[in-house]
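Biologist: Hello! I am new to this structure and would like a close look at its charged and aromatic side chains.

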Amino acid sequence: MSAKTRTLTKLLSSATTYSDPTAKNLTRSAITSAAPLASSAAQELNLKNYVRFTEAPDSSSSSSSSSHLKPSQSDKSSSSKPLSELAVESIRIDTAASISDAKRELCSRINSILCGDTDDSPLSDEHLLDVPWLPTISQSSTSLRRKENTRFRKQKWVFNSSQGNRFGLLLKLCTHKLGTNATINVFGRLGRETGVKEFNAMIEVCIEKARNTDDEDVALEEFHRAYMVFETMRERGFKIGEETYGPFLMFIIDMGMVEEFHFFCDNIKKENPTSLTRLAYYEMLLWIKVGDEDKIHMLLADTHGSNASNFNESYLAALCEVDRQEEVSMLLDTIDIKKVSSKESRERIFKSLGRLTLESHAKKFILELKSTDDEGKELSNLIYSYAKSIPNIPVEDILVKFKNLQDELKVVSSSVSYEKLIKACCESLEVNLGINLIDSMFEDGLTVRIHMFNSLLTACYASCDYNLVHRIKSMIDDHNIKPNAETYRNMISLCVKMKDFDGAYGMIKDLERLNISPTVNMYNAIMGGYFRQKNFDKALMVLKQMEASDLTPDSHTFSYIIGNCSSEDDIIKYRKELDESGVTATKHIFMALINAYAACGLFEKAKQVLSDKKIPIDNLNEIKSVLVSALASHGQMTKALDIYDEIKQDAAYLEPKSVICLIEHLQSEGELSRLLELLQQLKDFDFWDDGCARIILYCVRHKLLGPAVDLLKQRMEKCTNETATEVLFDEAFCEIAETEPTDVQFGLDLLQAIKEDIGIRPSRRSIDFLLSACVNAKDLDRSFIVWKEYQTAGLPYNVLTFVRMYQALLASGAHKAAKILLENIHDDDPHVCHVLTACRLTFGKSASDETKEKKKTTKKKEKKVK
């Protein structure tokens with residue numbers, strides 16, 4: 001730590017600005033030794049296109065605007081010219097065509113710099129950036145000077161809101177490739193003034209690099225570069241806010257460097273004296289990180305009994321983050337909540353109270369704030385902040401706590417707090433609770449906005465509570481809430497999910513009364529419902545209804561129709577209609593074509609869809625993934641795996657749904673290694689969990705005990721939902737019972753491994769399935785072993801257990817034992833009696849009974865002969 005501290009102190013004390021003569025050499029070396037950018041190929045391609053898109057406009061005709069995408073022969077021949085010469089040519093050549101060519105070449109060369117395409121070219125020369133990109137060349141002719149000024153203005157980059165994010169990505173790309181010095185130089189020459197956001201983005205890249213490396217020297221070097229950017233901001237007079245100094249301080253705190261922290265804070269205080277209260281927050285975090293208890297208590301003692309409420313707020317926020325409950329309780333006694341600076345700070349305090357379940361302090365603060373007349377409805381929001389932050393509390397308990405505190409403290413309800421509660425209900429898919437809250441809002445006379453109903457309708461769809469749409473519609477109608485098109489689209493979709501097509505059409509008729517125009521999406525929802533029901537005639541009828549309403553089918557309409565074609569002729573017909581309609585072919589169209597061809601058995605034509613030049617490059621990988629799923633789903637596993645291997649070779653990835661599809665259909669023996677490889681590609685837990693469960697069942701099906709137990713262990717480590725884990729174990733033993741031929745011993749081995757290696761007690765259902773496996777295998781000895789497992793697991797025998805064991809005894813021929821067991825089964829339940837009778841009919845009678853029946857049959861035959 002001491003060596004690291006000395007090194008960084010030396011770096012900081014010798015910090016220079018970008019005006020230093022050495023900066024130029026740093027810029028040049030940064031380009032020649034640029035590290036590869038840790039971003040995907042797709043991101044680089046988008047940014048490369050963005051560089052082309054943002055090049056300075058030309059006065060030449062628009063017809064040549066796209067010609068720069070591919071270099072001409074003259075471009076190639078002039079590639080050896082110095083960049084500075086190209087720049088001068090772009091300004092001094094007289095003809096418009098020549099100007100256009102020279103400028104395109106200049107932009108192409110600059111694009112090569114930014115995107116790293118410097119192989120076998122003189123672009124890494126030391127004079128690479130010594131180019132007057134925005135030159136001020138003196139001209140004797142007034143007309144030439146006017147043209148020069150016009151060209152200067154055109155070369156200024158003008159950005160709208162949609163370009164801002166792309167510019168941020170471009171700047172980060174340059175910082176990764178070129179370094180901070182070169183990036184500032186590059187964007188300065190482009191005429192783009194570097195502002196606070198741009199500087200902060202560069203600082204973020206440097207701090208990220210410093211955090212991600214294991215090399216201490218590299219980390220200190222990257223931190224020094226970030227500090228240089230910070231110094232440049234100071235020199236240019238930018239205000240140093242928390243978004244700038246926050247990442248620095250958090251890095252220093254995480255590294256535990258105390259001297260550097262104070263050095264840096266001193267500079268921040270000079271530039272921004274108003275930052276003192278926020279610096280107190282970081283100082284408390286520092287002492288907590290290094291474990292200096294004396295400093296922590298000294299800071300708290302300095303503010304004890306004083307009016308330094310802002311400092312107390314900062315200390316409180318830091319202490320709450322690490323759950324220092326003793327110090328938090330002590331600090332809460334000194335805070336005057338009425339002097340807290342802002343509503344946001346008060347919310348943070350109440351969230352902290354919730355995390356630490358300090359309800360008495362929360363009540364105390366609410367009562368103190370009630371004495372202030374202008375606090376009114378804010379108190380309800382503070383109560384929500386407290387209740388929502390209580391750890392491990394379900395949403396229904398949040399509502400109970402919120403209402404109890406509100407009633408106890410006699411706080412006026414507010415629309416803001418109710419909206420947040422409704423949002424929490426929607427996120428938890430507790431739609432009924434959200435609807436009840438809407439009722440409460442109406443009772444309290446609060447304003448209910450339509451977006452709350454839209455959120456509830458979306459939650460209905462996600463939670464499969466489709467029938468709640470009628471209750472929500474009644475509330476909208478009864479209280480004269482004005483719905484919008486989004487509201488009706490959601491309600492129509494829910495009716496379609498319930499197969500209530502009459503209700504969906506009834507809502508479309510209501511639109512005329514409400515003076516709302518129907519949309520294509522509303523009809524698409526109905527059409528999709530009919531297609532899911534395989535009712536093709538009704539689905540095509542919807543298309544005619546759309547045309548009657550003067551609505552033009554969109555890409556989703558055609559994707560539904562094409563995706564459900566049953567013959568190649570139909571595919572050709574609707575593809576022709578699509579072309580004639582002028583609707584742009586989206587990724588959904590190409591996906592529908594693939595699925596349609598695959599469903600018709602035309603697998604080669606499904607693969608040929610990928611060669612369509614209209615496919616957007618950004619969607620190509622997603623469409624390839626759909627092709628993999630389509631081929632796998634229709635038995636073409638070899639072809640599906642070939643496409644998958646091509647995707648891997650292109651350094652791309654397979655969509656998670658397609659990975660699950662491959663796992664589902666790759667069930668032949670000997671494919672475990674491939675399945676585990678596919679599982680590694682699933683980064684999202686929900687998809688990984690689904691894939692893992694499928695592979696576990698594969699292992700059970702093919703009696704691979706070791707891999708099955710390993711996967712169960714991995715799932716136990718990642719999944720905290722005990723119910724979901726228990727269900728997976730039940731499914732595994734169900735698979736054992738249903739697999740032919742039944743291997744009860746494998747089931748017993750798995751049961752033992754679960755108990756010993758994983759430490760989980762099996763559920764009753766798991767043992768029930770294992771006993772059913774004994775019935776199917778007619779295995780008497782192992783039936784008794786499984787029978788004892790109920791006692792070992794502490795599970796008392798019930799009627800169903802006795803019935804299953806009765807089945808196992810009958811199936812294995814132990815009729816005497818079955819007869820004895822039958823005495824323990826109560827026959828007062830008619831359903832149980834029916835099952836027992838069915839068991840006897842299914843598994844037959846005992847050998848002695850069969851012998852007696854044979855003797856009786858023989859005697860009857862002898863009598864007939866006589």
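Let me start with one residue: in which helix does D217 lie?

Modeller: Happy to help! Please keep in mind that this is a predicted model. D217 lies in helix α11, which covers residues 216-235. With a relative accessible area of 55%, D217 is exposed, because anything over 50% counts as exposed. D217 also has company: together with D214, D215 and E216, D217 gathers in a patch of negative charge on the surface.

There is a positive surface patch as well, and its members are R348, K351, R355 and K388. Helix α18, residues 343-355, gives the most to this patch, namely three residues. R348 has its place in helix α18. At 44% relative accessibility, R348 counts as partly exposed.

Now let us turn to charges that meet a partner. The model has a count of 31 salt bridges. One of them joins the side chains of D477 and K473, with 3.0 Å from N to O. These two residues are four apart in helix α25 (residues 468-478), so about one helical turn separates them. D477 is partly exposed at 36% relative accessibility, whereas K473 is buried, with a relative accessible area of 14%.

Another salt bridge runs between R575 and D612, whose closest N and O atoms are 3.2 Å apart. This pair links distant parts of the chain, 37 residues apart: R575 sits in helix α31 (residues 568-581), and D612 sits in the loop between α33 (603-608) and α34 (620-633). R575 counts as partly exposed at 27% relative accessibility, and D612 is partly exposed with a relative accessible area of 22%.

Next come R715 and D689, which form a salt bridge with their closest N and O atoms 2.5 Å apart. Here too the pair links distant parts of the chain, as R715 belongs to helix α39 (residues 705-718) and D689 to helix α38 (residues 685-701), 26 residues apart. R715 counts as buried at 5% relative accessibility, and D689 is buried with a relative accessible area of 15%. Salt bridges can also share partners: that is how E359, K363, K401 and E408 are joined into one network.

Let us finish with the aromatic rings. A pair of aromatic rings is described by two things, the distance of the centres and the angle of the planes. In this model the count comes to 21 aromatic pairs. Among them is the stacked pair of F501 and Y530, with 4.1 Å from centre to centre and 10° between the planes. F501 lies in helix α27 (residues 501-513) and Y530 in helix α28 (residues 520-532), so their pairing ties together parts that are 29 residues apart in sequence. Both F501 and Y530 are buried.

The rings of Y797 and F802 offer a second example: their centres are 5.9 Å apart and their planes stand at 50°, so this pair is tilted. Y797 counts as partly exposed at 24% relative accessibility, while F802 counts as buried at 17%. Finally, you can look for one aromatic cluster formed by F223, Y227, F230, F248, F251, F263 and F264.

Conventions
Residues are numbered from 1 along each chain as its sequence is written. This is a predicted model: local features need pLDDT of at least 70, side-chain atom pairs count only at pLDDT 80 or more; totals for chains, interfaces and linings use all residues. Side-chain values use heavy atoms; hydrogens and water are left out. A salt bridge is a side-chain nitrogen of Lys or Arg within 4 Å of a carboxyl oxygen of Asp or Glu. Buried means under 20% relative accessible area, exposed over 50%, partly exposed in between (1.4 Å probe, protein chains only). Patches are made of residues with over 30% relative accessible area and no salt bridge: like charges are joined within 9 Å, nonpolar side chains (Val, Leu, Ile, Met, Phe, Trp, Tyr) within 5 Å. Accessible areas come from the Shrake-Rupley method with a 1.4 Å probe; for residues, only the protein chains shown count as cover. Lys and Arg count as positive and Asp and Glu as negative; His and the chain ends are not counted. The place of a charge is taken as NZ of Lys, CZ of Arg, CG of Asp or CD of Glu. Rings of Phe, Tyr and Trp (its six-membered ring) pair if their centres lie within 6.5 Å; planes under 30 degrees apart count as stacked, over 60 as edge-to-face and the rest as tilted.
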